[in-house]
Every structure is written in structure tokens, then in C-alpha cells.
2 protein chains.
Amino acid sequence: MHHLLILTKHPDDYRARVEAGALPDLAIVAASDVADGLARGAHSDILLGDPTRVKEALPHLPRLVWTQLTWAGVEPMLDPALRRDYVLTNIRGVFGPLMSEYVFGYLLMLERKIVPRLESQRAGRWDATLPGTLQGKTLGLVGVGSIGAHLAATGKHFGMRVHGYTRSSRDCRDVDRYFHGDDKAAFARELDYLVAVLPNTDETAAIVDAAMLAALPPRAVVVNVGRGRTLDEATLVEALHAGRLAGAVLDVFPEEPLPESSPLWATPNTYITSHTSAPSFPADIVGVFVDNYRRFHAGQSLQYRVDFERGY
Amino acid sequence: MHHLLILTKHPDDYRARVEAGALPDLAIVAASDVADGLARGAHSDILLGDPTRVKEALPHLPRLVWTQLTWAGVEPMLDPALRRDYVLTNIRGVFGPLMSEYVFGYLLMLERKIVPRLESQRAGRWDATLPGTLQGKTLGLVGVGSIGAHLAATGKHFGMRVHGYTRSSRDCRDVDRYFHGDDKAAFARELDYLVAVLPNTDETAAIVDAAMLAALPPRAVVVNVGRGRTLDEATLVEALHAGRLAGAVLDVFPEEPLPESSPLWATPNTYITSHTSAPSFPADIVGVFVDNYRRFHAGQSLQYRVDFERGY
């Protein structure tokens with residue numbers, strides 16, 4: 001018999017969905033409060049939870065062998081003070097489609113001038129302004145992992161050229177051209193949309209830096225759906241105020257919630273959302289867990305295993 | 001030698017683009033004013049133009065053998081008082097991708113709650129409301145021609161189920177389920193989004209009628225990108241006011257521009273655009289013309305030939 005401890009904001013929803021999977025040899029304890037969960041489930045060998053709760057519970061689970069996170073982001077688990085004597089899996093695969101909905105929702109909103117058209121409508125005005133189109137435009141992805149690959153496929157569906165800036169990978173069939181290392185300016189120069197979709201590691205900090213931002217053409221829009229620290233926010237704000245960039249769509253920030261004092265709230269042509277580009281819907285998360293538990297139970301290797309050294 | 005008369009709003013742009021195609025044996029006259037064009041090009045055997053200008057010029061071109069329209073809509077050419085002794089081709093293929101950008105721009109705008117999020121931003125408020133998703137939702141297409149087929153493919157890309165209501169066709173691989181004739185209520189009952197993409201013919205008038213609208217669930221949003229007359233607008237307005245439908249996105253109307261007195265301007269949850277969902281971009285139109293001229297010159301059959309009897 002295996003023992004699963006669920007630690008999430010909505011434990012009953014998760015428990016019901018895991019139970020619906022009719023998994024063999026599995027007893028379940030579920031809680032939103034970590035102390036409560038540990039009081040009933042300290043003997044658990046499997047943990048399913050969000051990073052904050054998992055981090056708190058880690059030192060108190062002597063039998064732990066596997067932790068399934070409910071997020072893609074694994075930063076809290078990489079704290080060197082924490083144990084690493086267990087298998088850590090995160091969520092991949094399900095966020096690509098959600099990120100595509102977010103990114104292309106905003107790209108199309110901009111091309112189709114949805115907001116100005118709505119203003120025309122409110123004024124009762126027939127607004128025959130022509131729309132733009134994504135066809136023939138160039139999408140630049142900073143980071144081409146599983147999420148970037150899905151964005152690339154969506155870009156292709158809409159007739160875009162797709163460029164990728166990666167450390168070294170070149171294996172996505174929907175990326176037309178790759179750039180690495182010192183190619184930042186060459187990468188940025190041709191873009192209509194730069195989309196940063198990087199995890200937060202030491203290597204990705206401010207990878208979208210002043211050099212990359214300065215090389216973007218004035219028509220370019222910057223989108224960040226990865227992590228706030230991967231982008232030089234101050235330089236971006238300055239460029240938007242100066243009209244050297246056409247706009248920004250930002251879902252992630254170094255500090256979240258974004259402080260009231262942030263200049264971003266009122267930066268021109270900037271759309272702020274609240275780290276909601278790819279939420280962890282319980283149905284998706286439990287789908288990954290159920291599949292992984294079947295592998296675990298059968299002694300097979302798990303999907304989406306995190307490498308503590310690489311940080312993703 | 002063939003003689004082409006171009007009659008469009010921007011004749012110089014069209015002429016330059018056709019000339020760039022370096023077509024053999026072709027002399028070109030271009031005008032925006034029909035009388036001016038006829039004064040210089042009455043001997044033309046080929047006409048390229050928008051329907052209004054073409055209709056006016058038709059009686060005065062004794063050598064005409066082929067007319068390429070710059071639009072998809074061919075209604076003005078179907079007037080029984082007009083000659084039909086020439087080959088009429090319209091534009092297809094290029095509007096599917098543009099329509100997809102429009103339709104999915106609005107669908108994603110709604111799912112991702114872009115407008116309310118923008119209001120939160122303006123109030124400086126971190127808005128953690130969860131977005132919806134297109135995944136698993138059902139898209140119902142009224143009309144599955146070349147444009148509908150492209151919308152179906154985009155729906156599939158975003159993980160939707162796709163249903164089609166057609167006269168009899170069932171040949172689109174991206175449509176999961178077909179409905180015809182009296183199946184209107186069965187078709188409408190399961191939809192999250194109903195998208196009408198029909199040409200204006202006697203058979204399509206008010207095909208989206210009170211019966212179809214009444215069978216839609218309250219969560220459904222109605223989108224019309226075909227022709228205004230294909231939808232029972234009064235019933236739609238009533239349903240939106242009563243909250244029996246979640247919203248509407250309308251790009252076409254029986255009378256355009258939409259009269260100032262129309263109740264649609266202020267109908268709740270309704271987005272009005274100005275027949276701009278799939279504009280005729282000269283680059284696209286000339287691409288179709290150039291390809292068709294090569295076929296014409298080689299004695300091959302032309303693409304996108306209109307059947308005067310069927311009306312499309």
C-alpha cells in the first residue's frame with residue numbers, strides 16, 4: 001500500500017479527482033493546512049502539492065520517495081537547505097496549450113485592435129480601420145522547451161515565422177531559425193513579438209537584457225510569461241515610455257503581487273496580468289499525477305522528472 | 001496580348017503588385033473611377049475589381065471573358081439583370097486564416113477575460129481571477145466551406161470539439177460531428193460558441209433562426225462573420241437582453257454601416273466590428289490573380305470559379 005499526502009489550496013477537489021482515477025494500492029490524506037496534513041499523513045511516501053506547502057512539509061516526511069508538484073515552477077524546491085533524496089516531478093505538457101491561449105489571445109487582441117474597436121463601439125461609431133495580421137510576422141521565443149514548442153506550433157498555424165533563442169537546443173521542428181549565446185542582437189532585430197518563456201534559474205536571470213531590448217525594432221511587442229527575473233524590467237519601462245517599443249504584455253514579475261508602487265501599472269501600451277497565463281487546473285494536474293502513479297506502481301520511470309542540478 | 005482593367009479603391013497599389021508578377025502578354029489599365037477606367041480600358045478582356053465597381057463596368061466591356069473579384073462575396077454579380085457570359089472568380093483560401101485570427105482573437109479575449117483584466121489594471125488591482133480555456137469547449141460552425149474548414153482546424157489546434165451544420169457536405173476532417181436540415185436544435189444544444197460563416201444566398205437567409213438560437217445553452221456566444229442576413233438579429237438581441245445567451249461578436253449586418261439607431265450598439269455582452277474580419281489585403285488578392293492569370297494564359301481552368309446558379 002502507498003500513502004499519498006495531498007497539500008493544496010483545494011484539497012477536497014484534488015482528493016475527489018484522484019479517487020475518480022481508481023488507482024490501485026493507494027490511501028489518501030488531503031489537507032490545505034500543512035500541519036493538519038502532517039498530523040494525519042506523516043507516514044506518506046508520496047506527496048502531491050504546490051511548492052509552498054511542499055517546501056514546508058518536506059522535512060517532516062521520513063518515508064517520502066516521490067513528490068509531484070502541481071506547478072511547472074520548481075524554484076522553492078531548489079533551496080540548497082532542502083533535502084534532495086526523493087524523486088521530484090513537475091507539471092509539463094499541459095501548460096503549453098494554456099500559454100498559447102494567453103499569448104495568442106494578446107497577440108490577436110493587438111493585431112485586431114480589439115480595445116480601440118470596443119471604444120469606437122461605445123461611441124456608436126462604425127470603425128472601418130483595417131486590422132493587422134499575424135501572417136508573415138516574426139515570433140521570437142526566448143526559451144524553447146515544451147511550452148515554447150507549443151507556442152511555436154501555434155505561431156506556425158497563424159502563418160508566422162518563428163525564431164528561437166536557446167542555450168543550445170535546436171530540436172523544435174516549428175522553429176525556423178535558432179540563435180544562441182552572443183546572438184542576442186541578431187535574434188532581436190527581426191522580431192515583431194518577443195516572447196520570454198524561461199524558468200527562473202541563475203542562468204536565465206535578466207537574459208532579456210538591455211542589449212536584447214535595444215536591438216528590437218520599434219514595432220516589437222515584448223511578452224513575458226516565464227518568470228519576472230528573466231527580463232530587465234527597468235530598461236523595458238524606459239523603452240516603452242520613450243516609444244522605442246510598441247508594447248508589452250507581462251504576466252510575471254520579480255515581486256508578486258506586483259507592488260502598487262510599480263511604474264508598470266501605468267506604462268504606456270502595457271498589459272499587466274496576474275500570473276494567470278497558465279493556471280494549474282486540478283483536472284490537468286490530477287491527469288499528470290494519475291498517469292505518473294500508474295508508472296510508479298508499475299516500477300516504470302516517471303514523466304517530467306526535475307533535475308535538481310539543472311534546476312528544471 | 002491580353003488587356004487587364006483594374007477597378008479598385010487603390011489602383012496604383014494593385015497595378016504595381018500585378019506588374020511585380022511579371023505576367024506574360026498582359027497590358028494593364030488601372031483606375032478607381034469606373035468611367036475613367038472604361039475610357040482607357042473598354043477593350044479589356046480581363047477585369048480585376050471590387051464588386052461595386054465591377055457591377056457598374058460590366059455592361060460596357062464587350063470583350064470581357066474573365067472577371068476576378070477582390071472579395072469573397074459575390075452578391076452584386078448575381079443580379080439577374082446582369083450578364084453572365086463570362087467566367088467569374090472570387091477570392092477564397094486567403095480569408096480562412098484572416099477569419100481565424102478574428103474569431104479566435106475574440107474567443108480568446110473572452111476566455112482570458114482580457115477586457116475585465118484591463119479594467120483591473122487601470123484600477124491598479126492585482127486580479128487573480130482564473131481564466132477560462134478553449135480546451136474541451138465545443139465550436140459549432142454554421143457553414144463549412146473553405147473558411148469554415150480553416151476555423152475548424154484552428155479550433156482543433158486549441159483542443160476544441162468541432163461541430164458543423166451544413167446543407168449536406170461532410171468532408172472536413174476537422175469537424176467531429178455534422179448536422180443538417182432539421183437538426184438545428186440538436187446542433188445548437190451542445191455549443192459553447194456558434195460561428196456563422198455563410199455567404200448570402202436565398203437558402204442561407206436567417207438560417208440562424210429563433211429555433212437555433214433558442215436551443216443554445218446560456219453559456220453560448222454567437223459569432224457572425226458571414227453575412228448579416230443569415231442571422232435573426234431581433235431574436236438575438238432579445239436573448240442577450242434577457243441573459244439567455246452569454247454574448248455576441250458581430251462583424252456583419254443586414255445594413256452596413258450599422259445604423260446609429262440600431263439596438264445592437266448597446267446590447268449587453270455584444271462586440272460590434274465593422275465588416276473587417278477578413279479584409280482584402282492587396283498582396284493576398286494579387287497573389288490569387290497572378291496565379292489565376294498564369295492558368296488563364298496556359299489555357300487551364302481557373303481557381304475559385306463562381307457558379308451563378310448556386311450563388312457561390
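**Exercise 1. Work out from its C-beta neighbours inside 10 Å how A:Ala206 counts: buried, partly exposed or exposed.**

Step 1: count. A:Ala206 has 13 C-beta neighbours inside 10 Å, so it counts as partly exposed. The cut-offs: 20 or more other C-beta atoms within 10 Å of a residue's own make it buried, 12 or fewer make it exposed, and anything in between is partly exposed, with C-beta atoms placed from the backbone.

Step 2: a word on the ground rules. This is a predicted model, where local features need pLDDT of at least 70 and side-chain atom pairs count only at pLDDT 80 or more, while totals for chains, interfaces and linings use all residues. Residues are numbered from 1 along each chain as its sequence is written, and chains are lettered from A and ligands numbered from 1 in the order in which they are written.

Step 3: place the residue. A:Ala206 sits in the loop between strand E9 (193-196) and helix H8 (210-215) of chain A. Helices (H or I, at least four residues) and strands (E, at least two) are DSSP runs, numbered from the N terminus.

Step 4: check the backbone. A:Ala206 has a phi near 50 degrees, a positive value in a residue other than glycine.

Now try B:Ala22. Its phi is near 50 degrees, again positive in a non-glycine residue, and its loop runs between helix H1 (11-20) and strand E2 (26-31) of chain B. With 8 C-beta neighbours inside 10 Å, B:Ala22 counts as exposed.

**Exercise 2. Find the peptide bond at A:Pro257 that is cis, and say where A:Pro257 is placed.**

Step 1: the cis bond joins A:Glu256 and A:Pro257, with omega about -10 degrees.

Step 2: A:Pro257 belongs to the loop between strand E11 (247-250) and strand E12 (270-272) of chain A.

Step 3: turn to chain B. The bond from B:Glu256 to B:Pro257 is cis, omega near -10 degrees, and B:Pro257 lies in the loop between E11 and E12 of chain B.

**Exercise 3. Trace the partners of strand E7 of chain A.**

Step 1: look at burial. Four of the five residues of E7(A) (residues 161-165) are buried, so the strand is largely enclosed by the rest of the structure.

Step 2: take one partner. E6(A) (residues 138-142) runs parallel to E7(A) and is joined to it by five bridges; strands pair if DSSP finds at least two bridges between them. A:Gly140 faces A:His163 here.

Step 3: take another. Three bridges tie E7(A) to E8(A) (residues 177-179), once more in parallel, and A:Tyr165 has A:Phe179 as its bridge partner.

Step 4: add the helix. E6(A), H6(A) (residues 146-157) and E7(A) form a right-handed β-α-β unit. Right-handed means that, with the strands pointing away from the viewer, the path from the first strand over the helix to the second runs clockwise.

**Exercise 4. Do the same kind of tracing for strand E10 of chain B, then zoom in on B:Val221.**

Step 1: B:Val221 and B:Val223 point one way from E10(B) (residues 221-224), B:Val222 and B:Asn224 the other, and all are buried.

Step 2: E9(B) (residues 193-196) pairs in parallel with E10(B) over four bridges, with B:Ala196 partnering B:Asn224. E11(B) (residues 247-250) is joined to E10(B) by four parallel bridges, and B:Val223 stands opposite B:Val249.

Step 3: E10(B), H9(B) (residues 233-241) and E11(B) make a right-handed β-α-β unit.

Step 4: zoom in. B:Val221 has 23 C-beta neighbours inside 10 Å and therefore counts as buried. Among the residues it touches are B:Leu110, B:Tyr193 and B:Val249; contact means C-beta atoms, placed from the backbone, within 7 Å. B:Leu110 is 111 residues away along the chain, with 9.5 Å between the C-alpha atoms.

**Exercise 5. Describe how chain B is laid on chain A and what the contact takes from each chain.**

Step 1: a turn of 180 degrees and a shift of 0.0 Å along the axis lay chain B on chain A with an RMSD of 0.0 Å. The two copies are thus related as by a two-fold rotation axis. Superposition is by least squares on C-alpha atoms of residues with pLDDT of at least 70 in both copies.

Step 2: B:Gly105 comes closest to the axis among chain B's residues, at 2.9 Å (C-alpha).

Step 3: 38 residues from chain B meet 38 residues from chain A. On the chain B side, H4(B) gives the largest share, nine residues.

Step 4: 100% of chain B's interface residues are interface residues in chain A too, so the copies meet through the same surface.

Technical notes:
Two residues are in contact if their C-beta atoms, placed from the backbone, lie within 7 Å. Lists of a residue's contacts leave out its neighbours within four places in sequence.
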